[in-house]
Amino acid sequence: MTEIVGFVVYGDPAPQGSKRHVGRGVMIESSKKVKPWREAVVFAAREAGGRIAGPVRVQVVFTLRKPASAPKRRRTWPDKKPDLDKLLRSTFDALVTAGTIEDDARIVDVSARKAFPGEEVGSLDVPGAVIRVIGVAE
């Protein structure tokens with residue numbers, strides 16, 4: 001039987017950005033938004049429970065805030081920052097911290113999308129993410 005851990009995270013998805021050196025070999029995250037996002041993912045993942053050992057597939061739909069300048073009555077695409085790969089990096093690190101997966105190197109397949117609220121299948125009505133971690137049968 002295939003193991004699946006699925007959950008919803010509420011909050012503004014934040015990209016894992018660059019780190020900056022502050023002296024004495026100490027590096028800090030340059031974005032202040034990353035920590036709250038990672039904490040939200042860790043909390044939701046732990047609430048969902050489950051730990052999947054071995055290779056996994058990850059499916060994520062990130063729901064981002066729609067800019068005030070974007071058209072209200074037609075579908076628009078979130079084709080600006082944050083970068084999808086950087087959103088994944090912060091989310092994958094949180095899955096490891098939560099204990100849902102052993103290591104992000106164990107991720108062998110990824111399906112990810114960015115969407116605005118209610119404009120994509122699987123998107124939320126508010127900012128956040130729908131995450132599914134699926135064990136790969138060996």
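## Talking through the side chains

Student: Let's start with Arg38: is Arg38 buried, exposed or partly exposed?
Tutor: Buried means under 20% relative accessible area, exposed means over 50%, and partly exposed is in between (1.4 Å probe, protein chains only). Arg38 comes in at 24% relative accessibility, so Arg38 counts as partly exposed.

Student: Before we go on, what pLDDT do side-chain atom pairs need in this model?
Tutor: Residues are numbered from 1 along each chain as its sequence is written, and side-chain values use heavy atoms, leaving out hydrogens and water. This is a predicted model, where totals for chains, interfaces and linings use all residues, local features need pLDDT of at least 70, and side-chain atom pairs count only at pLDDT 80 or more.

Student: Which residue forms a salt bridge with Arg38?
Tutor: A salt bridge here needs a side-chain nitrogen of Lys or Arg within 4 Å of a carboxyl oxygen of Asp or Glu. The closest N and O atoms of Arg38 and its partner are 4.0 Å apart, and that partner is partly exposed, with a relative accessible area of 25%. The partner is Asp93.

Student: How far apart in sequence are the parts that Asp93 and Arg38 tie together?
Tutor: Helices (H or I, at least four residues) and strands (E, at least two) are DSSP runs, numbered from the N terminus. Arg38 lies in helix 1 and Asp93 in helix 2 (residues 84-98), so the salt bridge ties together parts that are 55 residues apart in sequence.

Student: How many salt bridges are there by this rule?
Tutor: Asp93 with Arg38 is one of them, and Asp79 with Lys80, at 3.8 Å from N to O, is another. Asp79 is exposed at 58% relative accessibility, and Lys80 is exposed at 63%. By this rule the count is eight.

Student: And which residues do salt bridges with shared partners join into one network?
Tutor: One salt bridge to look at is Glu120 with Arg75, with the closest N and O atoms 2.3 Å apart. Glu120 lies in the loop between strand 5 and strand 6, and Arg75 in the loop between strand 4 and helix 2, so this pair ties together parts 45 residues apart in sequence. The network joins Arg75, Arg113 and Glu120.

Student: Which ring does the charged end of Arg75 sit over?
Tutor: A charge sits over a ring if NZ of Lys or CZ of Arg is within 6 Å of the ring centre and within 35 degrees of the ring normal. Arg75 itself is partly exposed at 33% relative accessibility. Its charged end is 3.7 Å from the centre of the ring of Trp77.

Student: There's one aromatic pair; why is the pair of Trp37 and Phe62 called tilted?
Tutor: Rings of Phe, Tyr and Trp (its six-membered ring) pair if their centres lie within 6.5 Å, and planes under 30 degrees apart are stacked, over 60 edge-to-face, the rest tilted. Trp37 and Phe62 have ring centres 6.4 Å apart and planes at 55 degrees, so the pair is tilted.

Student: Is Phe62 buried or exposed, and what is its relative accessible area?
Tutor: Its partner Trp37 counts as buried at 1% relative accessibility. Phe62 is buried too, with a relative accessible area of 0%.

Student: How far apart are the C-alpha atoms of Val34 and Pro13?
Tutor: Val34 is in helix 1 and is buried, with a relative accessible area of 3%. Along the chain, Val34 and Pro13 are 21 residues apart, and their C-alpha atoms are separated by 8.0 Å.
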